[in-house]
Structure formats: structure tokens, C-alpha cells
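Below is a short report on a predicted model. The topics are sheets, a hairpin, pockets and confidence.

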Amino acid sequence: MECKLISRYSPLLVLFLASLVNAQTVSDILHPNYDDPSSSLKYYDIAKALTLGCNITKEGDYELSWSKDGENVSEIDSLRDRYKIIKEERKFIISRALESDAGSYTCSVRALNASRTFNVVANVIVKFESTEIGKTNMVEGEKLSLHCVAFGTNPKITWTVGNATLSTSTEHIVLEEDDKGVENARLTIESVLLSDYTDYTCEARNNATDITGKPAQVTITVRIRGKYAALYVFLGIIAEVVVLCAIILICEKRRNKTEIEESDTDNSPDQEKLKK
């Protein structure tokens, strides 16, 4: 009975073992230049070069082909005239990579029935809108709206307000996604308080920053003035002017009094006798 079972399933066993051997062989034949082999990840910086390498370890003159998201790179309009393939070095290079160049890339050798896939990710970068760069001066009670514009593959944004880190909204601070669908990209305070005078830091992470350990950050300082701050300054100036005028008036009165006394002294009888 046992012999019959073994003979019945032996072809399946042979196929299973053959597939394991073949998989191991493919792994040995092609060596991609992953940044993180465990996740087949390769990251790049936007506007800089993206270089994918796929070394063939088996001897022979084999042709290496490249595809993105299942389509040969030569047939993709967005890549036209933007990449080069160095056959001798087994490399695929985009000299100035865009955010949209992220995706799934595959290097293949048909003759060996071997292929390896890259999970290509654009490193994240962030900035504030041009109107928000530098320092923001506001008056107590005004609405504060900050937009952290993130570029890269699937950015995840958190905010640091003063010493507090926020990944969700609070009663006072609202976090919302922007038009690109990036969660927490917009920070809003409907009516700012004097206590909101602090630094606001937007931090973005993705799979690339998890490897580099360097999340993208941008900071802006928001300055809050009291509602009556300008009035207090005006009243202070008026008070200074009043005090100054009072001092001048007092000095003038004392000087006039001194001149009158000196004049009376000059006209006294003793002074008249001396003149004679």
C-alpha cells in the first residue's frame, strides 16, 4: 500500500523538488543591486540618477531585458529618451529620475528563464508652500493654515508643534489630507492663541527613509501677537509724548521764574545806589 502511494505521488514530488532547484538557480544567476534585499527595495532621490544593476553570474553571452510594471521600458512613453542601458555593465539608468519613475522593475534573461524584480521607491522630500516659507506673523484670533507639500512614494506625515508630536487631529489643531491624497498634509488652527507661538515641523517618512534613517523635515516659526498689541504700542508712544511735554513745560516754568527773580534783583534800591 505504501509503495503504491509513493509511486503515485513521486512525479509530483519530483516536480516540486525541481522547482526548488530552479528557484535557487535563478537566485544564483541574477544578482540585483538592492538597497534592501529582504524587500527587493531600491530607492532613489528625485531629480538625481536612478541606477538598477542586475549582474549575470553564469558564463555566456546572455541578453538582459528590462521592464517596468510588466511593460518593456522601450515601449513606455514617459521613459522615452530619458534612460540608457549599459549592456556590458548590466545596468539600466535614468539620469534624472522623476517621482513618477517609481514602480516595479524587472530584469530578465529569457534564455535562462530567469528574472528578478525591483521595488523602486522615490525618496521623500517636503516643503511648505511658497507663501509659508520663513516666518509667519499673525494676530491672536486669526486662522492658521499650513500645507506641507510632500514628494516621493507613499509619504507618511507627522507634525511636531513645540514639543508635541501629532499624527492625528486634536480639539485645537486639525490635520487633513491634501489634494494629492497625502494624509495629515494640512494643519489648521481656526483661531490662534498666544500659546501657539512656536515652531511647526513637518516630518515625512516612507520605505526609503526607513532604510536611510533620515526622514524629510521642514520647519516654520509662527509668531503670534495679541489683539491689542498695536494699541498698547500706540498708547505707550502717547504716554511718552505726554511725559516729555510735561517735563519741557516744567523746565520752561522754572526758567521763566528764575529770569523774573533775577530781573527783580537787578531793579532793587541797593543796585540803584551802586549805579550812582
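## Sheet with strands 10, 12, 16 and 15

Strand 12 (residues 144-151) and strand 16 (residues 186-189) run antiparallel and are joined by four bridges. One pair across them is serine 145 with threonine 188, its bridge partner in strand 16. Another is histidine 147, which stands opposite arginine 186 in strand 16. Strand 16 also runs antiparallel to strand 15, with three bridges between them. There, glutamate 176 stands opposite arginine 186 of strand 16. Arginine 186 is thus opposite histidine 147 and also opposite glutamate 176.

These pairings belong to an open sheet of four strands. Its order is 10-12-16-15, and the pairing is antiparallel. The edges are strand 10 (125-128) and strand 15 (174-176). Each of these has a single partner strand, so one side of each lacks a neighbour in the sheet. From one strand to the next, the twist averages 20 degrees.

## Sheet with strands 1, 3, 7 and 6

An open sheet is also formed by four strands in the order 1-3-7-6. Here too the pairing is antiparallel. Strand 1 (30-32) and strand 6 (83-86) are the edge strands, and each pairs on one side only. The twist from one strand to the next averages 15 degrees.

Inside this order, strand 3 (residues 50-56) pairs with strand 7 in the antiparallel sense. Four bridges link the two. Threonine 51 has isoleucine 93 of strand 7 as its bridge partner.

## Strand 4 and its partners

Which strands does strand 4 pair with? One partner is strand 8, met in the antiparallel sense over four bridges. In that pairing, threonine 106 in strand 8 is the bridge partner of serine 67. Another partner is strand 5 (residues 71-72), which runs antiparallel to strand 4 and is joined to it by two bridges. Lysine 68 stands opposite glutamate 71 in strand 5.

Strand 4 and strand 5 form a hairpin. Two residues lie between the strands. In the turn, aspartate 69 has a positive phi of about 50 degrees.

## Largest pocket

Rolling a probe the size of a water molecule over the atoms shows where empty space is left. The largest pocket has a volume of about 220 Å³. Its lining counts 14 residues. Glu63, Leu64, Ser65, Ile85 and Lys87 are the ones nearest its centre.

Which elements each supply at least two residues of this lining? They include strand 4 (65-68) and strand 6. By class, the lining of the largest pocket has six nonpolar, three polar and five charged residues.

## Second largest pocket

The second largest pocket holds about 160 Å³ of space. Its lining consists of Glu63, Ser65, Trp66, Ser67, Asn72, Thr106, Ser108, Val109 and Arg110. Two or more of the lining residues come from strand 4, and two or more from strand 8 (103-109). By class, the lining has two nonpolar, five polar and two charged residues.

The paired residues of strands 4 and 8 reappear here. Ser67 and Thr106 are bridge partners, and both line the second largest pocket. Glu63 and Ser65 line the second largest pocket and are also listed among the residues nearest the centre of the largest pocket.

## Confidence

How far does confidence vary along the protein chain? The mean pLDDT is lowest in helix 1 (residues 2-29), at 49. It is highest in strand 7 (residues 91-94), at 98. Over residues 1-6 the pLDDT is below 50, and beyond near neighbours in sequence this stretch has zero contacts in the model. Residues 12-24 also stay under 50 in pLDDT. For them the model has zero contacts beyond four places in sequence.

Across the protein chain, pLDDT averages 84. A score of at least 70 is reached by 78% of the residues.

Terms used. Residues are numbered from 1 along each chain as its sequence is written. This is a predicted model: local features need pLDDT of at least 70, side-chain atom pairs count only at pLDDT 80 or more; totals for chains, interfaces and linings use all residues. Side-chain values use heavy atoms; hydrogens and water are left out. pLDDT is the predictor's confidence in each residue, from 0 to 100. Contact means heavy atoms within 4.5 Å. Two strands pair if DSSP finds at least two bridges between them. Axes are lines fitted to C-alpha atoms, for helices over the stretch in contact, and angles run from 0 to 180 degrees between N-to-C directions. On a 1 Å grid over the protein atoms alone, a cavity is a set of points where a 1.4 Å probe fits but cannot get out, and a pocket is an open set with protein on both sides within 12 Å along at least five of seven lines; lining residues have an atom within 4 Å of a point. Grid points are joined across faces, edges and corners, and a volume is the space filled by probe spheres set on the points. Ala, Val, Leu, Ile, Met, Phe, Trp, Tyr, Cys and Pro count as nonpolar, Asp, Glu, Lys and Arg as charged, and the others, Gly among them, as polar.
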